[in-house]
Each structure stands twice: as structure tokens, then as C-alpha cells.
Amino acid sequence: MMRWGSKAAAGALAVMLGAGGTGLITAAPAQAAGKYTCKAYADMDRAGRPNAYSVCSGGGSKTVSQHRVEIKCDQLQGAREHMVTYTMHGPWVGPGQKSTVQCGFKNFLRGFSVQTK
């Protein structure tokens, strides 16, 4: 009886360690640096605000561990209506995630790009 109990306990322990180890293995590639192709995209939302986002997909030639989107927005200000350009950045995220940023109301899209490190 004692041998059967120790074998069952050893088997249960192996299953628990195997399940925990699998979770660690599957989580690591999303944060690991690798070869990716990163692109930035821009569009307008329903309220007319410029949005930009960046994504990185595998199979590229550049080593990337993190990326973020950059957007440049023009805004008319003052009584003489002079143009002011703002540069805003999305959060740094891993290659499998999307970085997004949005300009405010009454802004015009000047440009957008993706930054990597």
C-alpha cells in the first residue's frame, strides 16, 4: 500500500510541476526579443480625432524587444490661428501587443511612425 501511495504522490507532483512549467514556457516568447517587422497605422475615430497604433509581427529582419507608436498632430490655436505641432507616444509594449495613442479634438494628423528598441 505504501508503494502505491508514494507513486501516486510522485505522479501528482510531476503533473503539477509540468503544468506550472508549461505556463512559464508559453508566457516567455511574448516578451522575448526576436526578429520582427513593425508597422504603424493611422485612422480617424467617429469624433474626428486622429488615432495611431503600431504592431510587430514575426519573420522580419530587425531584432525587437519592445515597440511604441509615435503620432504628430497639428492644432490651430489663438486668435491669429497659428499651428502648433504636438508629438505624442504610445506605451512601450512587447512584439505581440498593440501600442496605441490618440490626439485630442480639433487636431489634424501630421505624421506617425513606430519606434523600436
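## Strand pairing, disulfides and core of a predicted chain

E2 and E6 pair in the antiparallel sense over 4 bridges; two strands count as paired if DSSP finds at least two bridges between them. Strands (E, at least two residues) and helices (H or I, at least four) are DSSP runs, numbered from the N terminus. This is a predicted model, in which local features need pLDDT of at least 70 and side-chain atom pairs count only at pLDDT 80 or more, while totals for chains, interfaces and linings use all residues. Residues are numbered from 1 along each chain as its sequence is written, and side-chain values use heavy atoms, with hydrogens and water left out.

**Confidence.** pLDDT is the predictor's confidence in each residue, from 0 to 100. The protein chain has a mean pLDDT of 79, with 72% of its residues at 70 or more. Among its elements, strand E6 (residues 99-102) has the highest mean, 97, and helix H1 (residues 2-31) the lowest, 41. Over residues 1-31 pLDDT stays under 50, and the model has 6 contacts beyond four places in sequence for them. Contact means heavy atoms within 4.5 Å.

**Sheet.** An open sheet of 4 strands runs in the order E3-E1-E2-E6, with antiparallel pairing. Its edge strands are E3 (62-64) and E6, each pairing on one side only. From one strand to the next the twist averages 35°; axes are lines fitted to C-alpha atoms, for helices over the stretch in contact, and angles run from 0 to 180 degrees between N-to-C directions. At the E6 edge, glutamine 102 is the bridge partner of asparagine 51. At the other edge, E1 and E3 pair in the antiparallel sense over 3 bridges, and glycine 34 has valine 64 in E3 as its bridge partner.

In a regular strand the side chains alternate between the two faces of the sheet. E6 has Ser99 and Val101 on a covered face, and Thr100 and Gln102 on an uncovered one.

**Disulfides.** A disulfide is taken as a pair of cysteine sulfur atoms within 2.5 Å. By this rule the count comes to 2, and the pattern is 1-2, 3-4, with bonded cysteines counted along the chain.

| Disulfide | S to S distance |
|---|---|
| Cysteine 38 to cysteine 56 | 2.0 Å |
| Cysteine 73 to cysteine 103 | 1.4 Å |

Cysteine 73 lies in strand E4 (residues 67-77) and cysteine 103 in the loop between E6 and strand E7 (107-116), so this pair ties together parts that are 30 residues apart in sequence. Cysteine 38 belongs to strand E1 (residues 34-44) and cysteine 56 to strand E2 (residues 50-58), 18 residues apart. The torsion about the S-S bond of cysteine 38 and cysteine 56 is about 105°, so that disulfide is right-handed.

Buried means under 20% relative accessible area, exposed over 50%, and partly exposed in between (1.4 Å probe, protein chains only). Cysteine 38 counts as buried at 18%, as does cysteine 56 at 10%. Cysteine 73 is buried at 1%, and cysteine 103 is buried at 3%.

**Core.** A nonpolar core is a set of buried Ala, Val, Leu, Ile, Met, Phe, Trp, Tyr and Cys residues joined through side-chain atoms within 4.5 Å. The largest one has 7 residues: Ala40, Ala52, Val69, Ile71, Cys73, Val101 and Cys103. E4 supplies the largest share of this core, 3 residues. Beyond four places in sequence, the contacts of valine 69 include Ala40, Ala52, Met88, Val101 and Ser113.
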